[in-house]
Amino acid sequence: MRFTCRDIHDHASELADAVADPASAAAPPPERSASEWDELRKHMALCPPCLEYVRQIGLTIEALRALPGEKGTSTRAALFDRFEAWAARRRSGES
Amino acid sequence: MAEPGTTTLSPADAERVAALLAGDREAFARLVDEHHDTMLRVARASVSSTAVAEEVVQETWMAILDGLPKFEGRSSLRTWMFRILINRARTRASRESRSSPFSAFGSDDDGEPIDADRFDERGYWRAPPDRWSLSPEQVTGDRELLDQVSEALHTLPERQRTVLLLRDVKGWSSDEVRNALELSETNQRVLLHRARAKVRAYLDQHLQERR
């Protein structure tokens, strides 16, 4: 195989995206030709440690997507008051 | 990014901008619901505390409203909003770093190859990854694991964290992130790769401790 495990590791992010979204898998990263991309994917499929590493990057992405939102302590009411004041300024400017 | 003089204002953005300019409180509430928490996270990646991030986000909302009549739609509304946010957060961060003996955030790209010692001189695994016996459902349903991911996020340098937040936590496209952060395609991919690899390594360590 032309590509090493190190190459798979260095492309694991793109490979994990390709596994998650097969529709985008055909498009290689800009610095790789289509045939190089095919070879990288073949190496990944045939090399259990590389396949596991890419799977773990995929699971990491899943975990990131599942993170709950960060809530601030400031009340949104203050923000809406400022919006109302802004809108009132605009109305008076227009009239 | 659109060429100068061109506009890519989508019908949805055009409608939203018109409603905001007309003083529609509901339209503003929807925009706040959609973006406020992400803005807080992104600002928090640059500044020293949640309180400062909240100030930056409040100021940003006002700057967005004040700038709205001049919004030309050369990028999407949210890309434009986040550019304002990021510029404000960076300005605040540089003010903080001048007034504090310790920078609140690390240098961005340490340049160190990730996991270099796990490969032999030929580029093959010397220390292959231990198997994670977890399904995607187990990962996303594991509160403790998600807490670790959240902790890992906070250890990342600012730009890596911001790219990861927008791409993976919020699901933005690569183009949107590049435009909002004014990054090249290559730069964005490198930052994303490094950030994902570091969070994976953090999780791996945690899973090993649990075994």
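This passage walks through the fold of two chains, the interface between them and a handful of salt bridges. The model is a predicted one.

Both chains are built from helices. Chain A has five helices and zero strands, which gives the plain pattern α-α-α-α-α along the sequence. Chain B likewise has zero strands, with a count of nine helices, and its elements run α-α-α-α-α-α-α-α-α from the N terminus on. As for burial, 41% of the 95 residues in chain A count as buried, while for chain B the figure is 51% of 211 residues. Contacts with a separation of 6 or more were also sorted by distance along the sequence. In chain A, 59% of these join residues 24 or more positions apart; in chain B, the share is 69%. The accessible surface of chain A comes to about 4,800 Å², with 57% of that belonging to carbon and sulfur atoms. For chain B the accessible surface is about 10,100 Å², and carbon and sulfur atoms hold 48% of it.

Then there is the interface. Here 48 residues of chain A are in contact with 61 residues of chain B. Putting the two chains together buries about 5,000 Å², and carbon and sulfur atoms give 59% of that area. On the polar side, the interface has six salt bridges and 19 residue pairs in polar contact. Four helices of chain A give two or more residues each to the side that touches chain B, namely α1 (5-10), α2 (12-20), α4 (48-65) and α5 (76-94). The largest share comes from α4(A), with 14 residues. By residue type, this side of chain A divides into 21 nonpolar, eleven polar and 16 charged residues.

Two of the salt bridges between the chains can be looked at one by one. B:Arg189 pairs with A:Glu14, and the closest N and O atoms are 2.5 Å apart. The other joins A:Glu84 to B:Arg25, with the closest N and O atoms 2.9 Å apart. That pair crosses from helix α5 of chain A to helix α2 (residues 25-44) of chain B. Both partners count as partly exposed: A:Glu84 has a relative accessible area of 29%, and B:Arg25 has one of 36%.

Over all chains, the count of salt bridges comes to 29. Within chain B, the side chains of B:Asp142 and B:Arg210 meet in a salt bridge at 2.9 Å, N to O. B:Asp142 sits in the loop between α5 (136-140) and α6 (143-155) and B:Arg210 in helix α9, so this pair ties together parts of chain B that are 68 residues apart in sequence. The two ends differ in cover, as B:Asp142 is buried at 16% relative accessible area, whereas B:Arg210 is partly exposed at 36%.

A second link to helix α9 of chain B starts from helix α7. The side chains of B:Asp168 and B:Arg196 come to 2.8 Å, N to O, in a salt bridge. Because B:Asp168 lies in α7 and B:Arg196 in α9, the pair ties together parts that are 28 residues apart in sequence. In this case both B:Asp168 and B:Arg196 are buried. Some salt bridges also share partners: A:Glu14, A:Glu31, B:Asp175, B:Arg178, B:Glu185 and B:Arg189 are joined in this way into one network.

Helix α7 (residues 158-169) of chain B is itself mostly covered, as eleven of its twelve residues are buried. Charged residues are on that buried list too, including B:Glu158, B:Arg161, B:Arg167 and B:Asp168. Just after α7(B), B:Gly171 takes a positive phi of about 75°.

Most residues other than glycine have a negative phi. B:Glu182 goes the other way, with a positive phi of about 55° although it is not a glycine. B:Glu182 lies in the loop between α8 (174-181) and α9 (185-210) of chain B, and with 55% relative accessibility it counts as exposed.

Last comes helix α1 (residues 11-21) of chain B, which holds B:Pro11. B:Pro11 counts as exposed because its relative accessibility is 69%. From B:Pro11 to B:Gly67 it is 56 residues in sequence and 19 Å in space, C-alpha to C-alpha.

Key: Residues are numbered from 1 along each chain as its sequence is written. Chains are lettered from A and ligands numbered from 1 in the order in which they are written. This is a predicted model: local features need pLDDT of at least 70, side-chain atom pairs count only at pLDDT 80 or more; totals for chains, interfaces and linings use all residues. Side-chain values use heavy atoms; hydrogens and water are left out. Buried means under 20% relative accessible area, exposed over 50%, partly exposed in between (1.4 Å probe, protein chains only). Contact means heavy atoms within 4.5 Å. Accessible areas come from the Shrake-Rupley method with a 1.4 Å probe; for residues, only the protein chains shown count as cover. Buried area is the accessible area (1.4 Å probe) that two parts lose on being put together, summed over both. A salt bridge is a side-chain nitrogen of Lys or Arg within 4 Å of a carboxyl oxygen of Asp or Glu. A polar contact is a pair of N or O atoms within 3.5 Å; within protein, one must be able to donate a hydrogen and the other to accept it, and residues adjacent in sequence count only if both atoms are side-chain atoms.
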